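User: Please take a close look at one part of this structure for me. I am new to it, so start with how two of its helices meet and then work outward.

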Amino acid sequence: IVPTVSSPACFALHPQVFIMAHVCIHWFRKGLRLHDNPALMAALRDCKELYPLFILDPYLYDQNRAGINRLRFLISSLQDLDCSLRKLNSRLFVVRGKPEEVLPKLFTKWNVTKLTYEYDTEPYSRSRDKNVTMLAEEQRIQVSYKISHTLYDIDRIIEENNGKPPLTYNRLRDIVKALGSPKKPIPAPTVEDMKNIAPFSEKHKPEYGIPSLEELGLDTSSLAEEIFPGGEQEALRRLDAYMQRTGWVCSFEKPNTSPNSLSPSTTVLSPYMTFGCLSARTFWWRLAEVYQGVSHSDPPVSLHGQLLWREFFYTASVGIPNFNKMTGNPACTQVDWDENQEYLAAWREARTGFPFIDAIMTQLRQEGWIHHLARHAVACFLTRGDLWISWEEGQKVFEKLLLDGDWALNAGNWQWLSASTFFHQFFRVYSPVAFGKKTDKNGDYIKKYLPILKKFPPQYIYEPWKAPRSVQQAAGCIVGKDYPKSIIEHEVISKKNIQRMKQAYARRPSGSTESPTKKQGNFVYFIC
């Protein structure tokens, strides 16, 4: 037993106070970074041996749940993190398995006395962490977690709203305004912070190395170029590049960006925040520096506003039971969605016959990222707009294919865009034809992702089925043979679906949901 301040006898024998030197595991999950990582800094205090650990949890990283682009982003992020740790004379240890099974074995194997991690709000994570904490405490291991994945303590926001999650963006803004600005980020650890910690041993490398995609059983032969490489260094590089564009940052308004530009018209920092390669607080305060003393856009459309949207959906996900489901979700309108597997497959596999929709879904599968308004278009098309398929099905596809498949944002935005929760103007439907034409009349985006249509003239590229047979022959693409016919007639089915949605709303209990205020408007954002 190590003497402590509360043990007077210790002072008689040893004048100086003894502090226990821990063998510590810092458990990386989402916070795959060194900057603004208070849980990691807590691990370094009074530490003699440090094991930075990542667990490939089969529940989170099964190939049916996480697609190859998402897994590639994860592996890149782990490699980057390992590289950064090695500069501090440490390294990353990677193991596979269920945390509840893996960690107790490592506690014993490494003689661990302390465990630290970043707090996670997802239901699965909260349950998992509760179980791991119980197992650690059974072995008399000290457990410490810190909040740094969100701007604020989400439970505190709910507490300030009388124990209920705010269901409008404006209400969320009022609460966080009263709480004050988010905490400022803390610096990354230095070699000086690690000076009393034993350096890692290379003997562990074969057993705890970062696996390749091939070692995870993935076929990489048809994998496209990695446009958005994972990792903290790439995240900070992208952040620096955008913060130097002060005029762009200050005038940024999310609705005024293009869903079908050939290169992203937004920051594409969302994947880096999803995996915690970039701290949301770091992003917030870098923006605050740019905004200082100059005119700039405001929430909800500004970049600060996007971070608050992220906070809004995180808060809703914690406070609303069964948040990623329709059944058992008290905030969600209960809709009699159809179960049409052919429609769902056509949407998922870019075979709807609507080039704008199919181009978006092709980009999603190839690159793992699509613009937020492109997400609006395909989400509305799948649900209330055209196919009348449950938002839960779309949520599953996005979770697998998106690099930024954030559980809370994904569920919240699918509910919003299906007009099930938060947003209730169900009569506002995105046209799968007219919407894309607004910003890309020539169809260059469609030509990039659906090259089979690249020879169609602009007047037909959004509706190739209207092209005369001679035009189709000249373009080398016969609709119904080389490219599918449209699976529905939008003008007819969308009107029918508005009536179905109206009936679903009529069945809702009175006062069961809150409607957005006039100021909140009609905007909703997948943070990207």
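Analyst: Helix 14 and helix 19 are roughly perpendicular to each other in this predicted model. Their axes come within 8 Å and cross at roughly 90°. An angle from 65 to 115 degrees counts as roughly perpendicular, so the pair earns that description. Helix 14 covers residues 303-319, and helix 19 covers residues 407-417.

Which residues of helix 14 and helix 19 make the contact? Helix 14 brings Trp-309, Arg-310, Phe-312, Phe-313, Tyr-314 and Ser-317. Helix 19 answers with Trp-407, Ala-408, Leu-409, Gly-412, Asn-413 and Trp-416. By class, the contact holds 8 nonpolar, 3 polar and 1 charged residues.

Now follow Trp-407 of helix 19. Trp-407 is also one of the residues nearest the centre of the largest pocket. Leu-60, Arg-65, Glu-122 and Glu-399 are listed with it there. The pocket encloses about 880 Å³ of space, and 45 residues line it.

Where does that lining come from? Several elements give two or more residues each. Among them are strand 1 (22-28), strand 2 (47-56), helix 3 (58-61) and helix 6 (123-138). Helix 15 (341-348), helix 18 (391-401) and helix 19 also belong to this group. Helix 18 supplies the largest share, with 8 residues. Sorted by class, the lining has 19 nonpolar, 9 polar and 17 charged residues.

Some of these elements fall in an annotated stretch. UniProt, in an unreviewed entry, places the feature "domain: Photolyase/cryptochrome alpha/beta" at residues 22-151. Over residues 22-151 the chain is 44% helix and 24% strand. The C-alpha atoms at the two ends of that stretch are 30 Å apart.

Two backbone details round off the picture. Most residues other than glycine have a negative phi, and most peptide bonds are trans. Asn-111 departs from the first pattern, with a positive phi near 55°. Asn-111 sits in the loop between helix 5 (99-109) and strand 4 (114-118). The peptide bond from Pro-299 to Pro-300 is cis, with omega near 10°. Pro-300 lies in the loop between helix 13 (280-291) and helix 14. That brings us back to helix 14, whose axis crosses the axis of helix 19 at roughly 90°.

Definitions and conventions:
Residues numbered from 1 in each chain as written. Predicted model: local features only at pLDDT ≥ 70, side-chain atom pairs only at ≥ 80, totals over all residues. Heavy atoms only, no water. Axes fitted to C-alpha atoms, helices over the stretch in contact; angles between N-to-C directions. Helix = DSSP H or I, 4+ residues; strand = E, 2+ residues; numbered from the N terminus. Parallel < 35°, antiparallel > 145°, perpendicular 65-115°, else oblique. Contact = heavy atoms within 4.5 Å. Nonpolar A, V, L, I, M, F, W, Y, C, P; charged D, E, K, R; others polar. 1 Å grid on protein atoms, 1.4 Å probe; cavity = no way out; pocket = protein on both sides within 12 Å on 5 of 7 lines; lining within 4 Å. Points joined across faces, edges and corners; volume = space filled by probe spheres on them. UniProt positions renumbered as here; feature names shortened; annotations may be inferred.
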